[in-house]
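Dear colleague,

I am handing over the structure below, and I would be glad if you could look through it with the notes that follow it.

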Amino acid sequence: MKIIVNGEPTEVDAGPDDVVVDVLRDGLGITGPKAVCRTGVCGACTVTVDGTPQASCLLPATAVEGRAVGTAEGLDHPVQRAFMAHDGLQCGYCTPGFVVEAAAFVDAWRAEHGDVAPPRERIAAAMAGHLCRCGAYEGIHAAIAAACRGEHDAGPTTPARVEAFEKVTGRARYTTDIRHDGQWEGVIIRSTRAHARVTSVEVDGATTVDLLPPDRVVRYAGQPIAAVAAPTRREALAVAGAARIGYEPLPAALDHAPDAPPVYDERSRKDAPSSSEGVTLPGGWNGNVRGPFTRASRRGGTAAERIDDARRRADPRLVTGTYTTAVQVHTPLEPHACVARWDERGDLHLHLSTQAVAMVAEQAAKRWKLDEDRVRVVAEHVGGGFGAKGGITVETVAAVELARACGAPVRVVLSRAEELTAAGNRPGSRTDLALLADDKGDLAALAVDVHSHGGVSVGSAVALHARLVYGTAPRRLRDFDVVTNEPPGSPFRGPGAPPLLWALEQAVDEMAHRLDEDPIALRRRWDGNPKRRALYDRAAELPLWRDRPRAGSQTGRFRRGVGVAAANWFYALSPGTQVELEVEGDVVVARTATQDIGTGVRSVIAGVLREELGLPADRIRVEIGRSDTVPGPAALGSRSTTSVAPAARDAARRLRAQGITPGAKVVGKRRRDRGGYVTPFAMSGMALGRGFSGAVHVTEVEVDTRMGTVRPLRVWGGIAAGRIYAERPARNQCEGGIVQGIGYALYEERHVDPVTGTVLTANLEDYRIPGIGDTPEMTIHFHQDGWDHVNGRGVGLGEVSTIGVAASVANAVHHATGWRPRDLPIRPDRLLEGINA
């Protein structure tokens, strides 16, 4: 079959069942269009056919015979320069699809309207078929508006991040784009039962490896049983679909009832996966309930006594409530993916979509009993992670074992259904909270009981975070895990904090109403953190806050409300981080074993080197995403920038002292902070530093009291994280954090069949994440003081920028309607029931 691809006539093999995205990617090696959802929802696969944008995942290849197909690789368009200049991207996995659609829109708009920017809602409508899980929508809005004004028609463009050109042209290579000669495709066979003992596995005509635990028991629908490999994915899927699995059914716990059948026996409990950042808090078991963990309490008995006494006397300064959160799924647009290859020496080579190249290399060496220098992990570009890609997960195990069994490279890429089912999630929760103020209006006691619902996983820590805020008043904090036969949770951007703040920040808001005090003023009075106090002062002066309507004053269908919420997060770092500099010709090359999942760490390193060495951008190259260089941090826990930037500065100063001459080579280290660290040693390469980053979010919403919908209009985000090394990527990350917080507040909710345990929200139509039309106008303010004791004077901001957003939305809804949301997400049915009650 003949088609014209990016202006070149091309002959391709295509059958009647092939779609265009697969023909382009597998047949021609074109990597720009991405097969993300395969249902035409996300837009990542967008191409043009005779100039018209089309979703190539739904388009039969036979439909484009003899026609002109265009991808981002074939464009040279002002919109690409605009995306680079305005940072309309983060991880970049969705970017080629956005660029193709935006280029067509900009051309059509300018032909009709001239060089004027469209209204914001018109841009949102044009991009409505595209999703960006990183939430880079504000930059996308700005880029398209600028391109429509003709601002990027000619002339050089200064990109906001150093890898922007590769991403806007579709040339950036992700793990899903890797294809070795002779490569086979792997597919995972998964359980269809929520709880059963597997008695037999019969697979015909393919290389197969076992993925079952030693006891042969599957504990959730979707748990891996085996993996198969074949020369093509279609063949592997056919073999997997024909596999015959024998089950001995076991009773399943699919609710939280006290008499639910046990998920684990005493021996298997120790193998329960962890939903935390690798440290599972201690706790005993009572049936399917693990805990409580109480060691974060402070004078817990005193707190309980004061609250019980306040209940007996019906003290109006006692605020109590039960708050719930739904399971939230990470949903990175690049799914979990691994390409494994064993070379002739027996060395293991992994291309992996990971947040931790160095850590995974170390884990792989240990698992497969190899010296560390015989394992090489590559993650040139990573299409999002949000905490779910922090170690060796099942796609890596399957790819490595299959590659060894069949003697060929093997690629395993999870489908979207697998990603939404079993690749990790933020556990749901039920929080019972009591907050007491004394007769002076000061915090007198706090009690927080949290039951986390992480499926078969344990270790969720939510109540623990309440130890870290609002002074030193007595507080009783208890964390429980309620285990069920559902897929396991895993760390998700600020693990534990969003459920806690959903409850606590609403309770603090309610206390302000009880005390007839401004909610920002109360927080400032209770909060001793000087960095957050500076944010409160700034927020209190915002016209958005000062001019808000009086609570309860609005009537009619549409009502506006403004809410506030505060947040803090640990200062984490990787003390062993190094950056190597080598002069190649007249270019300084920086290397470290870290990766960029969209946060802009390449740009941080490059910016430090430009500043220290006085070199132009074209004389600096940053090479990351490889394990075979000096140690670097994992992209977990907001520790990348605060780890690599000081090491890059140290390396630059060493090189400057030695002389920037061809062949020169130095290694810089992340020097110790003044005053040291809280933790005496690093765990999994991470230590805790002294101090907490802070955030304050002020959110305005419009509530439709007839339809029950909530529309975020404006958000001001104040971030106290010290020095900002790369301003636009940092701002972009904070804006994306707001978008993800809005998704948590309003839309995201995993559903599981209560009879079979099957995840029902297994596609991007049923599992709703925010689109560009859901994006409010956002203003980010950076408070950069207060971190002089830190090497480099800056700490991470990825977690703190999102964890309090949902609570600010809830407080805005209450301000608009007088009804307080207790259950997340704030669905229309819940809102209508609440305001009509």
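The residues that line the largest cavity divide into 16 nonpolar, 13 polar and 5 charged, and please bear in mind from the start that they are taken from a predicted model. This cavity has a volume of about 490 Å³, and of the 34 residues in its lining, Thr-599, Ser-638, Gln-733, Leu-797 and Gly-798 are the closest to its centre. Two helices, H17 (640-658) and H18 (727-746), each supply at least two residues of that lining, and the largest share, 3 residues, comes from H18. In total, the structure holds 6 cavities of 30 Å³ or more.

Helix H18 also leads to a sheet, since H18 packs on it and touches strands S29, S30 and S31. This sheet is open and has 4 strands in the order S24-S29-S30-S31, with mixed pairing. Strand S24 (558-573) and strand S31 (777-783) stand at its edges, and each has a single partner strand, so that one side of each is left without a neighbour in the sheet. On average, and with direction ignored, neighbouring strands of the sheet are turned by 20 degrees against each other, while the direction of H18 makes about 125 degrees with that of S31.

Within the sheet, strand S29 (residues 687-704) and strand S30 (residues 709-720) run antiparallel and are joined by 11 bridges. If you would like one pair to find in the viewer, take Gly-694, whose bridge partner in S30 is Ala-720. As general background, the strands of a sheet pair through backbone hydrogen bonds, either parallel or antiparallel.

The other site that I would ask you to look at is the second largest pocket, which has a volume of about 1200 Å³. It is lined by 41 residues, and those that lie nearest its centre are Asp-22, Asp-26, Arg-38, Arg-233 and Arg-411. Which elements give two or more residues to this lining? They are helix H1 (20-28), helix H7 (233-241), strand S19 (410-413) and helix H11 (416-422), and the largest share, 6 residues, comes from H1. By class, the lining of this pocket has 17 nonpolar, 7 polar and 17 charged residues, which you may like to set beside the 16 nonpolar, 13 polar and 5 charged residues in the lining of the largest cavity.

With best wishes

Conventions:
Residues are numbered from 1 along each chain as its sequence is written. This is a predicted model: local features need pLDDT of at least 70, side-chain atom pairs count only at pLDDT 80 or more; totals for chains, interfaces and linings use all residues. Side-chain values use heavy atoms; hydrogens and water are left out. On a 1 Å grid over the protein atoms alone, a cavity is a set of points where a 1.4 Å probe fits but cannot get out, and a pocket is an open set with protein on both sides within 12 Å along at least five of seven lines; lining residues have an atom within 4 Å of a point. Grid points are joined across faces, edges and corners, and a volume is the space filled by probe spheres set on the points. Ala, Val, Leu, Ile, Met, Phe, Trp, Tyr, Cys and Pro count as nonpolar, Asp, Glu, Lys and Arg as charged, and the others, Gly among them, as polar. Two strands pair if DSSP finds at least two bridges between them. Axes are lines fitted to C-alpha atoms, for helices over the stretch in contact, and angles run from 0 to 180 degrees between N-to-C directions. Contact means heavy atoms within 4.5 Å.
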